[in-house]
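This report goes through selected parts of one protein structure. Please have the sequence and the 3D view open while reading.

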Amino acid sequence: LCPQVPELEKATVRIRQPERVRGIIRSLREQGVAKLQVISDFDMTLSRFGCNGRRCPTSHNILDTSRVISEDGKKKLKDLLHYYYPIEIDPNRTLEEKCPLMVEWWTKAHELLVQQKIHKGDIAQIVRESEAMLRDGFEEFFDQLHKNNVPLFIFSAGVGDILEEIIRQANVFHSNVNVVSNYMAFNDDGVLTHFKGPLIHTYNKNNTVLQGTGYFQQLSTRTSIILLGDSMGDLTMADGVPSVENILKIGFLNDKVEERRRKYLDSYDIVLESDETLEVVNGILRYILTV
């Protein structure tokens, strides 16, 4: 496909339009590093989906299953997950059907967390005790972008305070990283009182929740984009970018691979099936950044 990026020959890689993908990768390289930005989801995209046959926790899971949540709280949060997650990934439901249900899920979950009177001071320890894992190759990914001054925008429907702490503890929270997510608000005693708005769920990662941040406006010259996601909702993450010249969409297909393959191949340029690494992304970045 692209001799300069041998990682694209991995068995986990699927591409519907190889010619087109080759062209985009070439254009990204030609446009140069000054025009590049990376926009990425966090949970199950930069973090791992599983390890040794077990699911890895998302930023919400880390909080939901931590020692600061009562047994009753844990049960209620789990019930919500069992009810709403199948709706979230149901390929037969429309976005119009899913959106209000996602708002309902996130709102209920956040209300339950607020009832737990979580302390700001406990967050670092909660993350330390969790089984959170970034994908293999994360150091190279974060470091390459930082070294080349490429902005990394993390757009997450998870819990911002938790995911920032994961990145911090991995020693890769560099100055080029910017996060938009659901952040907690604490009172003077450091106790969680509510979540700051706007609410970000799986299917509204677009302009609507970015209004007022002006992030992409500051980067109006960054017209080359690599987008990383693991769900259909992640495809709109670049919608706030004023003028996109080249965009390469890479999708991690972690779960129900057979059932969802077609939809992913129709939507993402490159689909990585059950691949717990960032090898392919790093290979493409290496090629683009070493000119």
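## A residue in a strand

In which strand is N246 found? N246 is found in strand β10. The model is a predicted one, and every value in this report was computed from it.

N246 counts as buried because its relative accessibility is 12%, and the cut-off for buried is under 20%. Apart from its neighbours within four places in sequence, N246 is in contact with S27, L28, Q31, T223, S224 and I225. One of these, S224, stands opposite N246 across the pairing of β9 with β10.

## The sheet

Strands of a sheet pair through backbone hydrogen bonds, either parallel or antiparallel. Here 7 strands form an open sheet with mixed pairing, in the order β1-β11-β10-β9-β2-β5-β6. Its edge strands are β1 (13–14) and β6 (177–182), each of which pairs on one side only.

At the β1 edge, β1 pairs with strand β11 (residues 270–273) in the antiparallel sense, over 2 bridges. R14 has V271 of β11 as its bridge partner. Helix α10 (residues 257–267) lies across β1, β10 and β11, and runs at about 175° to β10.

## Strand β9

Strand β9 covers residues 224–229, and 6 of its 6 residues are buried, so β9 is largely enclosed by the rest of the structure. In a regular strand the side chains alternate between the two faces of the sheet. In β9, S224, I226 and L228 point one way, while I225, L227 and G229 point the other way.

Which strands pair with β9 in the parallel sense? Strand β2 (residues 36–40) does so over 5 bridges, with I39 opposite L227 of β9. Strand β10 (residues 246–253) also runs parallel to β9, and 6 bridges join the two.

## Two packed helices

Two packed helices are described by the angle between their axes and the distance between the axes. For helix α3 (residues 71–88) and helix α4 (residues 95–115), the angle is about 165° and the axes are 10 Å apart. That angle makes α3 roughly antiparallel to α4, because the cut-off for this is over 145 degrees. The crossing of α3 past α4 is left-handed.

On the α3 side, the contact is made by K76, L77, L80, L81, Y84, Y85, I87 and E88. On the α4 side, the residues are K98, L101, M102, E104, W105, W106, K108, A109, L112 and L113. Sorted by class, the contact between α3 and α4 has 13 nonpolar, no polar and 5 charged residues.

## A loop residue and its contacts

A132 lies in the loop between α5 (123–129) and α6 (138–147). Is A132 buried or partly exposed? A132 is partly exposed, with a relative accessible area of 25%.

Leaving aside neighbours within four places in sequence, A132 is in contact with P57, I62 and I166. A132 and D43 are 89 residues apart in sequence, and their C-alpha atoms are 9.8 Å apart in space.

## Backbone exceptions

Most residues other than glycine have a negative phi, and most peptide bonds are trans. The peptide bond from G197 to P198 is cis, with omega near -10°. P198 sits in the loop between β8 (192–195) and α8 (207–210).

K256 is not a glycine, yet has a positive phi of about 50°. K256 lies in the loop between β10 and α10, and counts as partly exposed at 40% relative accessibility. S274, another residue other than glycine, also has a positive phi, near 45°. S274 is found in the loop between β11 and α11 (279–289).

Key
Residues numbered from 1 in each chain as written. Predicted model: local features only at pLDDT ≥ 70, side-chain atom pairs only at ≥ 80, totals over all residues. Heavy atoms only, no water. Axes fitted to C-alpha atoms, helices over the stretch in contact; angles between N-to-C directions. Helix = DSSP H or I, 4+ residues; strand = E, 2+ residues; numbered from the N terminus. Parallel < 35°, antiparallel > 145°, perpendicular 65-115°, else oblique. Left-handed = near helix turned anticlockwise from the far one by under 90°. Contact = heavy atoms within 4.5 Å. Nonpolar A, V, L, I, M, F, W, Y, C, P; charged D, E, K, R; others polar. Buried < 20%, exposed > 50% of the residue type's maximum accessible area, 1.4 Å probe, protein only. Pairing = 2+ DSSP bridges.
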